[in-house]
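User: I am new to this structure and would like a close look at a single part of it, namely how one helix packs against its neighbours. Please take me through that slowly, and then place it in the wider picture.

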Amino acid sequence: MKVFNIASIPGDGIGKEVVPAAKHVLEVLAEIHGGLRFEFTDFPWDCHYYLENGSMMPEDGLETLKPYDAIFLGAVGNKKLVPDHISLWGLLIKIRREFEQVINLRPAKMFHGVKSPLANPKDFDLIVVRENSEGEYSSIGGRIYQGEDEIAIQNGVFSRKGTERAIRFAFELAKKRNRHVTSATKSNGIYHSMPFWDEVFEDVAKDYPNVKTESQHIDALAAFFVTRPEQFDVIVGSNLFGDILTDIGAAIMGSVGIAPAANINVNGKYPSMFEPVHGSAPDIVGQGIANPIGQIWTAKMMLDHFGEEELGEVLLDVVESVLKDGFLTPDVGGQSTTKEVTDEVIARLQ
Ligand code: NAI
Ligand code: MG
């Protein structure tokens, strides 16, 4: 019996509605499989916890999380109780940073039955690998002078280690998919870091002769995500480029409520964290209508991470069929509840 120990942090708002739904789905999957088990430990770290304790997690919170195989998170944030920068930095961003989750993964896929904002979407199925630890999001730089002479300088940080790590991750992923990697670059405009990025990309590509490669400038690439997303498989980008592309990816799917994400620790020192793209959705909390698909698909990414790709594939197929047959929450144009969609996923799995 394989046992996966999972730290579950439902967090705030609809996190408390969709995390239990996805956990239930995982438990059913384990039963069906027969040879594995998920042991969940729930951590009540949210904005209420902050009000009572003065922090989003205990001082030794990271130590507590460290031994788990993965962290399964809902959403964090309740502006009425705690300012967003305190809640997000006190939990989410702290875990991402301290646990060296240097890769952010976000797939996007066309689901029949879910209306995409694209006029004539073809079957797209792509995944963005975003470098998640350096790049444009650095604190290096500074500001001098004031008024009309004021100057701000912002430095990007591109280490060979960090760049190669992200690019290699993309190639490894492509081997399990459709063997095509697109690099997001801007070496025609950004003088130092992007030609460097291109060089590393070409170096790493040599190790993967069976994977097709392509380099696209980020501006054109952003446009292609809208005009021909079906032609992409794995796309690798720096922190900023990946950030932009992943938002377009979520948008063309039709709702933020179905988009999943993973923050991956690649050196094995710490657990990775799986969380949907959406937030705590205070406008619909408590109504029982939160879309559980983002969290359920996030669970699928966790299964992939555990090497249980077959089980993950089964789950995603069921999700696709449930959406196609019209079990849709209001955000994707239907009238189903969280429970109805989840129950249907479970029924079909069984
Ligand atoms: P949000 O993602 O919570 O909501 C944006 C819109 O999408 C809302 O209209 C909401 O009802 C809808 N929506 C989101 N998820 C949905 C789902 N599963 N089913 C149906 N509809 C869904 O983003 P917003 O409103 O900007 O932020 C709300 C709170 O969440 C803030 O405190 C913010 O800081 C936090 N947040 C946390 C994130 C995280 O934990 N990773 C990510 C984004 C926001
Ligand atoms: Mg973003």
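Analyst: In this predicted model, the crossing in which H1 passes H9 is right-handed. Helix H1 covers residues 15-33 and helix H9 covers residues 293-305, and the two pack with their axes 8 Å apart at an angle of about 45°. Angles under 35 degrees count as roughly parallel and those from 65 to 115 as roughly perpendicular, and H1 and H9 are therefore described as oblique to each other. On the H1 side, the residues that make this contact are Val18, Val19, Ala21, Ala22, Val25 and Leu26, while H9 contributes Gln295, Ile296, Thr298 and Ala299. Sorted by class, the contact of H1 with H9 holds 8 nonpolar and 2 polar residues, and no charged residues.

H1 also has a second helix partner to consider, helix H11, which spans residues 338-349. Here the axes come within 10 Å and cross at roughly 10°, which makes H1 roughly parallel to H11. The H1 residues that take part are Glu17, Val18, Ala21, His24, Val25, Val28, Leu29 and Ile32, and they meet Thr338, Thr342, Val345, Ile346 and Leu349 in H11. This contact of H1 with H11 counts 9 nonpolar, 3 polar and 1 charged residues. Reading the two contacts together, Val18, Ala21 and Val25 of H1 appear in the contact with H9 and also in the contact with H11.

To place H1 in the wider picture, it helps to turn to the division of the chain, where domain 1 takes in residues 1-105 together with 258-350, and domain 2 takes in residues 116-253. Taken over C-alpha atoms, the centres of domain 1 and domain 2 are separated by 25 Å. Where the domains touch, 10 residues come from domain 1 and 12 residues from domain 2. On the domain 1 side of this contact, strand E4, residues 103-109, gives the most, with 3 residues, and that side as a whole has 7 nonpolar residues, 3 polar residues and no charged ones.

Another helix pair offers a useful companion to the H1 contacts: helix H7, residues 218-227, packs with helix H8, residues 239-253, at an angle of about 10° and with their axes 10 Å apart. That makes H7 roughly parallel to H8. Ile218, Leu221, Ala222, Phe225 and Val226 of H7 make the contact with Phe241, Ile244, Leu245, Ile248, Gly249 and Ile252 of H8, and by class this gives 10 nonpolar residues, 1 polar residue and no charged residues.

Finally, the surroundings of ligand 1 comprise 24 residues, of which Gly77, Gly257, His278, Gly279 and Asn291 come nearest. Helix H4, residues 84-98, gives the most to this shell, with 3 residues. By class, the shell around ligand 1 divides into 11 nonpolar, 8 polar and 5 charged residues.

Key:
Residues are numbered from 1 along each chain as its sequence is written. Chains are lettered from A and ligands numbered from 1 in the order in which they are written. This is a predicted model: local features need pLDDT of at least 70, side-chain atom pairs count only at pLDDT 80 or more; totals for chains, interfaces and linings use all residues. Domain bounds come from an automatic or database domain assignment. Two residues are in contact if their C-beta atoms, placed from the backbone, lie within 7 Å. Helices (H or I, at least four residues) and strands (E, at least two) are DSSP runs, numbered from the N terminus. Ala, Val, Leu, Ile, Met, Phe, Trp, Tyr, Cys and Pro count as nonpolar, Asp, Glu, Lys and Arg as charged, and the others, Gly among them, as polar. Axes are lines fitted to C-alpha atoms, for helices over the stretch in contact, and angles run from 0 to 180 degrees between N-to-C directions. Angles under 35 degrees count as roughly parallel, over 145 as roughly antiparallel, 65 to 115 as roughly perpendicular and the rest as oblique. A crossing is left-handed if the near helix is turned anticlockwise from the far one by less than a right angle, and right-handed if clockwise. A residue is near a molecule or strand if its C-beta atom, placed from the backbone, lies within 6 Å of it.
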